[in-house]
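Welcome to this tour! Please open your viewer, switch on the cartoon view, and keep the selection box ready.

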Number of protein chains: 2
Amino acid sequence: MSFFPAALETLVDRFASLPGIGRKSAQRLAFHVLSLPEGEARAFADAILDAKKNVHCCRICQNLTEGEICSVCASQTRDKSTICVVSEPRDVMSIERGREYNGVYHVLHGVLSPMSHVGPDDIRIKELLTRVADSEVEEVIMATNPDTEGEATAMYISRLLKPFGVKTTRLAYGIPVGSNLEFTDDATLNRAIEGRTEI
Amino acid sequence: MSFFPAALETLVDRFASLPGIGRKSAQRLAFHVLSLPEGEARAFADAILDAKKNVHCCRICQNLTEGEICSVCASQTRDKSTICVVSEPRDVMSIERGREYNGVYHVLHGVLSPMSHVGPDDIRIKELLTRVADSEVEEVIMATNPDTEGEATAMYISRLLKPFGVKTTRLAYGIPVGSNLEFTDDATLNRAIEGRTEI
């Protein structure tokens, strides 16, 4: 692959190292960057450095923030007695987009995964326990993904929370709004029947 | 979309401005960059700036290079009397990968496209004509893509080259090697029959 100038090859390599970007896409992206005006290319490089330099974890909830604590934790109107535990910062965004939840969050930055050698000490469980121990938390909502690892993490943490006497809940399983029974998988449909509610 | 810190949002915006990268992919890429070690992130930013600063067009063939002329034009073993005209630098790589062609190239950096307001002065046609006029060129192979714009560009240039008395050729059309007649489209199959060769 030495048909391109070295500096261009290096840039292609960098793009190709990103998740979900193959060699061909990386080339297209590198060519696009080359075609940008000087200032735009510099702004791109600066955006990488700025994000890396200024973004870190909120001291309280571990979500990404530029200040010491994030806007949700700093807010006076959020209900601090309910903590929603998610695995990634992007999950916070998904829930915030719904504009219904008014509690605070705790970002684990991962899920327990013995296959990938991720144990309890590798994700922010300790910080959650400290938080539950130190402040007046009434409910912890486990909002990890409904897959094997997300489930296991939710179970593990709910067991650790038992001694603190807080209410631990899990997101409801069921058929997605706007979907179709015909195309809903068996496991989901079974859970929807089990969790049926009176109307 | 103000759930992320500003520096992270900026980085997401930058990634989302790249071709073929949607909002969700841009978020994933930005999170990946955040998770990189400091040095890696800096190397990424530097790769962008370096490529932008050091890569420019070869004085002769307009392909991308870091020197004044590219390695193909500088090579003593390449046949300078045959010029292969392509629309993009990546096409040079595609042909080089075949390891059969031993002539030189000319990169147009685009194709004629009235719909996108790309006229003859917007791509490197003038440079090709100067080159054909000044050096001993025997054959110009038009290797633009086999689509409407690529065809039109090849036709346009071949007409301009007529007065110079050089042989102008076009890549062969036909069924791709390893493909299947059943799934070959009609136009390609017709061209393959027209261009049949004796065995």
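## Stop one: a strand on the inside

Select S3(A): six of its eight residues are buried (under 20% relative accessible area, with over 50% called exposed and anything in between partly exposed, for a 1.4 Å probe and protein chains only), so this strand is largely enclosed by the rest of the structure. Names such as S3 and H5 come from DSSP runs, numbered from the N terminus: helices are H or I runs of at least four residues, and strands are E runs of at least two.

Before going on, a word about what you are viewing. This is a predicted model, in which local features need pLDDT of at least 70 and side-chain atom pairs count only at pLDDT 80 or more, while totals for chains, interfaces and linings use all residues. Residues are numbered from 1 along each chain as its sequence is written, chains are lettered from A and ligands numbered from 1 in the order in which they are written, and side-chain values use heavy atoms, leaving out hydrogens and water.

## Stop two: the sheet of chain A

Now show the strands beside S3(A). In chain A, four strands form an open sheet in the order S4-S3-S5-S6, with parallel pairing; two strands count as paired if DSSP finds at least two bridges between them. Which strands stand at the edges of this sheet? They are S4 (103-107) and S6 (167-170) of chain A; each has a single partner strand, so one side of each is left without a neighbour in the sheet. From one strand to the next, the twist averages 25° (axes are lines fitted to C-alpha atoms, for helices over the stretch in contact, and angles run from 0 to 180 degrees between N-to-C directions).

Next, colour residues 79-86 of chain A, which make up S3(A); five bridges join this strand to S4(A), and the two run parallel. Try selecting Asp79(A), which stands opposite Gly103(A) in S4(A). Then pick Val86(A), whose bridge partner in S4(A) is Val107(A). To get from S3(A) to S4(A), the chain passes through helix H5 (residues 89-97) of chain A in a right-handed β-α-β crossover: with the strands pointing away from the viewer, the path from the first strand over the helix to the second runs clockwise.

Is S4(A) buried or exposed? Five of its five residues are buried, so S4(A) is largely enclosed by the rest of the structure.

Over to S5(A): four bridges join S3(A) to S5(A), again running parallel. Thr82(A) stands opposite Glu139(A) here.

## Stop three: helices on the sheet

Select residues 148-161 of chain A. This is helix H7, which lies across S5 and S6 of chain A and runs at about 170° to S6(A).

## Stop four: a loop residue

Find Asp185(A) in the loop between S6 and H8 of chain A. Asp185(A) is partly exposed, with a relative accessible area of 44%. Its C-alpha atom is separated by 9.2 Å from that of Ile175(A), a residue 10 places away along the chain.

## Stop five: chain B

In chain B, too, four strands form an open sheet in the order S4-S3-S5-S6 with parallel pairing. The edge strands, S4 (103-107) and S6 (167-170) of chain B, each pair on one side only. Select Cys84(B) to find its bridge partner in S5(B), Ile141(B). Helix H6 (residues 125-134) of chain B lies across S3, S4 and S5 of chain B, at about 150° to S4(B).

## Stop six: the core

The largest nonpolar core has 47 residues, and those with the most contacts inside it include Phe15(A) and Phe15(B). Such a core is a set of buried Ala, Val, Leu, Ile, Met, Phe, Trp, Tyr and Cys residues joined through side-chain atoms within 4.5 Å. H3(B) gives the most to this core, with seven residues. Among the contacts of Phe15(A) (heavy atoms within 4.5 Å), leaving aside neighbours within four places in sequence, are Phe44(A), Phe15(B) and Phe44(B).

## Last stop: confidence

Finally, colour by pLDDT, the predictor's confidence in each residue, from 0 to 100. The mean for chain A is 89, and 98% of its residues reach 70 or more. Within chain A, confidence is lowest in H8 (residues 186-194), at a mean of 82, and highest in S4(A), at 94.
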